[in-house]
Amino acid sequence: MKITNEVVLFYQVAEEKETAIRAVLDKLGIKGRRVAQEDFGKPIGAMAGLRVQAVEEPGEALPGEMLVLNGLTSRRLNQLLAALRGDGTSVALKAAVTEQN
């Protein structure tokens with residue numbers, strides 16, 4: 001099995017929806033991780049398992065649910081989004097970790 005750093009972070013996603021998304025992630029071999037509100041001030045890279053400077057700021061609640069995607073190629077991102085659409089599962093806010101951010 002290929003070892004990758006593909007991970008999807010869950011921010012404020014309802015439990016039922018998270019379960020549905022995790023089923024899609026499992027089929028694609030992508031890891032998922034729930035981020036607790038007390039960790040909202042930690043760097044996203046650190047939450048995704050990347051080595052980053054340990055700078056923390058007070059975290060605030062988000063206006064809604066959000067997924068943060070790390071380590072997915074364009075092809076894998078498209079696979080994931082298509083699978084979520086096919087499953088009827090949507091999350092309005094999505095962000096991808098890149099080398100520039």
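This is a walk through the fold, its nonpolar cores, one helix pair and one unusual loop residue.

The model is predicted. The protein has three helices and four strands. Along the sequence they follow the pattern β-α-β-α-β-α-β. Of the 101 residues, 30% count as buried. Contacts across long stretches of sequence feature strongly in the count. Take the contacts with a separation of 6 or more: residues 24 or more positions apart account for 67% of them.

Start inside. The largest nonpolar core has 13 residues. Those with the most contacts inside this core are Val 8, Phe 10, Ile 21, Leu 25, Leu 67, Leu 69 and Leu 80. Four elements give two or more residues each to the core: strand 1 (7–11), helix 1 (15–28), strand 3 (66–70) and helix 3 (74–87). Helix 1 provides the largest share, three residues. Another core lies apart from this one. That second core has seven residues, including Leu 9, Tyr 11, Val 35 and Met 66.

Now look at Ile 21. Set aside its neighbours within four places in sequence, and Ile 21 is in contact with Phe 10, Val 13, Leu 67, Leu 84, Thr 89 and Val 91. Of these partners, Phe 10 and Leu 67 are also listed among the residues with the most contacts inside the largest core.

Next comes the helix pair. Two packed helices are described by the angle between their axes and the distance between the axes. Helix 1 and helix 3 pack at about 135°, and their axes are 10 Å apart. The pair therefore counts as oblique, because angles over 145 degrees would be needed for roughly antiparallel. The crossing of helix 1 past helix 3 is right-handed.

Which residues meet where helix 1 packs on helix 3? From helix 1 come Ala 20, Ile 21, Val 24, Leu 25 and Leu 28. Helix 3 brings Arg 76, Gln 79, Leu 80, Ala 83, Leu 84 and Asp 87. By type, the residues of this contact divide into eight nonpolar, one polar and two charged. Ile 21, Leu 25 and Leu 80 take part here, and these three also appear among the residues with the most contacts inside the largest core.

Finish in the loop between strand 1 and helix 1, where Gln 12 lies. Gln 12 is not a glycine, yet has a positive phi of about 55°. Is Gln 12 buried, partly exposed or exposed? Its relative accessibility is 28%, so Gln 12 counts as partly exposed; buried would require under 20%.

Terms used. Residues numbered from 1 in each chain as written. Predicted model: local features only at pLDDT ≥ 70, side-chain atom pairs only at ≥ 80, totals over all residues. Heavy atoms only, no water. Core = buried A, V, L, I, M, F, W, Y, C linked by side-chain atoms within 4.5 Å. Buried < 20%, exposed > 50% of the residue type's maximum accessible area, 1.4 Å probe, protein only. Contact = heavy atoms within 4.5 Å. Axes fitted to C-alpha atoms, helices over the stretch in contact; angles between N-to-C directions. Parallel < 35°, antiparallel > 145°, perpendicular 65-115°, else oblique. Left-handed = near helix turned anticlockwise from the far one by under 90°. Nonpolar A, V, L, I, M, F, W, Y, C, P; charged D, E, K, R; others polar.
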